[in-house]
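Work through the exercises below with the sequence and the model open. Try each task before reading its solution.

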Amino acid sequence: MSTVRGAGVVVTGAGGGIGAALARRFAAEGARVVVNDIDAAKAEAVAADVGGTAVPGDASGIVEAARDALGGTVDVYCANAGLGSGGDAFADEDVWASAWDVNVMAHVRASRALLPDWLERGSGTFVSTVSAAGLLTMIGAAPYSVTKHGALAYAEWLSLTYRHRGLKVHAICPQGVRTDMLAATGSAGDIVLKPTAIEPEDVADALFDAMAEERFLVLPHPEVAGYYRARAAETDKWLGGMNHLQRKWEEVSR
């Protein structure tokens, strides 16, 4: 999109953090914004702040209500709602199921509702807030890491399948961002994420740069590209480095 002025934009999980920053940036650029969050009060507060419309509720099922609020058309859908589920291989089944449902299946369900209209008119933009954990991984957070890999895989699939039919897809993959989710990562986040943490507004800036360049990967931390290359080219060396961080974390956590 050469401009988002007048576009109908939906941002899920926009009651704070990255989602709120995205909603504010789209509104500042002249878009008509629907603000979604499972916390109705937070959604309404951000919507009032940006001159948008609050559509609270589970992000999995708000496309039709959001479309109605925008007068019938969604141009940009930001699948930003996510769960930062920690835990290892022994995490409870419901933790794994919730992470899968929010971090992956909510994107699938939204795209099912959006694609028919987008493909018919030959345009639409799907923005997936993934995380660098989807390109790499995150110590101490197996459900989060695995499902964020799934979110990235689904965004890639959407792009390669429908780009010739006018669909643009962007996958946002930051490392640490100063949000409540980062604060909840505890000592693992202190070691891996906090030293280079950025503001949510920096993520919004990176998305707009990628949209202007029609670039799939959105890397608010440019160094992630190098880590991603190393993971592919020297996998065992990269795994050894991550294991070093794991051992460091285990020492701190004792």
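A crossing of two helices is left-handed if the near helix is turned anticlockwise from the far one by less than a right angle, and right-handed if clockwise. The model is predicted: local features need pLDDT of at least 70, side-chain atom pairs count only at pLDDT 80 or more, and totals for chains, interfaces and linings use all residues. Residues are numbered from 1 along each chain as its sequence is written, and side-chain values use heavy atoms, with hydrogens and water left out.

**Exercise 1. Lay out the sheet.**

Task: Find the order of the seven strands and name the edge strands.

Solution. Start with the terms. Helices (H or I, at least four residues) and strands (E, at least two) are DSSP runs, numbered from the N terminus. Two strands pair if DSSP finds at least two bridges between them.

Now read the order. The seven strands form an open sheet, 3-2-1-4-5-6-7, with parallel pairing. Strand 3 (53-54) and strand 7 (217-218) are at the edges; each has a single partner strand, so one side of each has no neighbour in the sheet.

Check one edge. Strand 2 (residues 32-35) pairs with strand 3 in the parallel sense, over two bridges. There, V34 stands opposite T53.

**Exercise 2. Follow the chain through strand 5.**

Task: Decide whether the residues of strand 5 are buried or exposed, then trace the crossovers on either side.

Solution. Take burial to begin with. Buried means under 20% relative accessible area, exposed over 50%, and partly exposed in between (1.4 Å probe, protein chains only). Strand 5 (residues 124-129) has six of its six residues buried. G124, F126 and S128 cover one side, and T125, V127 and T129 the other; all are buried.

Next, the partners. Strand 4 (residues 76-79) pairs with strand 5 in parallel over four bridges. V76 has T125 as its bridge partner. From strand 4 the chain passes through helix 4 (residues 93-121) to strand 5, a right-handed β-α-β crossover. Right-handed here means that, with the strands pointing away from the viewer, the path from the first strand over the helix to the second runs clockwise.

On the other side, six bridges join strand 5 to strand 6 (residues 167-172), again parallel. S128 is bridged to A171. The chain reaches strand 6 through helix 5 (residues 142-162), and this β-α-β crossover is right-handed.

**Exercise 3. Describe a helix pair.**

Task: How do helix 4 and helix 5 pack, by angle and axis distance?

Solution. Fit the axes. They are lines fitted to C-alpha atoms, for helices over the stretch in contact, and angles run from 0 to 180 degrees between N-to-C directions. The angle is about 15 degrees, with the axes 8 Å apart.

Classify the angle. Under 35 degrees counts as roughly parallel, over 145 as roughly antiparallel, 65 to 115 as roughly perpendicular and the rest as oblique. Helix 4 and helix 5 are therefore roughly parallel. Their crossing is right-handed.

List some contacts (heavy atoms within 4.5 Å). Among the residues that meet are W96, W100 and H107 in helix 4, and Y144, K148 and Y154 in helix 5.

**Exercise 4. Place a loop residue.**

Task: Where is S131, and which residues does S131 contact?

Solution. S131 lies in the loop between strand 5 and helix 5. S131 is buried, with a relative accessible area of 10%. Leaving aside neighbours within four places in sequence, S131 contacts Y144, K148, I172, C173 and P174. The C-alpha atoms of S131 and V218 are 9.7 Å apart, across 87 residues of chain.
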